[in-house]
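User: I should like to learn how charged side-chain pairs are read from a set of coordinates. Please take me through the general idea and then the case at hand.

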Amino acid sequence: MTTDDEGRHIEFVVERLTRKHPELSTKTVRDTVAHAHRHFDGRRVRDFVPLLVERNAEAELSHASGVREVAIGAAGGRHRVD
């Protein structure tokens, strides 16, 4: 995978996760994906990096989303129950 290909795949990850987590800002999603992506800096094998980045970022965003929903629920708003 070339660097350009990887960059395009990472942008697709940002788009997918932004759609999946509309309650979070695009900046939050982009920053989370960038943080997950930096974890793989300097690694020689790059073929699966976008997949691994998406999984790591999704876990962080789901946690952040859940924490936010609980806080909203505690304030008397509606919240999702998983």
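Analyst: The following dialogue treats salt bridges and burial in turn. The model is predicted, so local features require pLDDT of at least 70 and side-chain atom pairs pLDDT 80 or more, whereas totals for chains, interfaces and linings use all residues. Residues are numbered from 1 along each chain as its sequence is written, and side-chain values use heavy atoms, without hydrogens and water.

User: How many salt bridges does a search of the whole structure find?

Analyst: Side chains of opposite charge can pair when their charged atoms come close. The criterion is a side-chain nitrogen of Lys or Arg within 4 Å of a carboxyl oxygen of Asp or Glu. The search finds six salt bridges. One of them joins E54 and R16, with the closest N and O atoms 2.6 Å apart. This pair links distant parts of the chain, 38 residues apart: E54 in helix 3 (residues 49–74) and R16 in helix 1. Helices are DSSP runs (H or I, at least four residues), numbered from the N terminus.

User: Is E54 buried or exposed?

Analyst: Relative accessible area decides: buried is under 20%, exposed over 50%, and partly exposed in between (1.4 Å probe, protein chains only). E54 is buried because its value is 19%, while R16, at 36%, is partly exposed.

User: Which salt bridge does K27 form?

Analyst: K27 pairs with D31 at 2.6 Å, N to O. The two are about one helical turn apart because four residues separate them in helix 2 (residues 26–38). K27 is exposed at 57%, and D31 is partly exposed at 39%.
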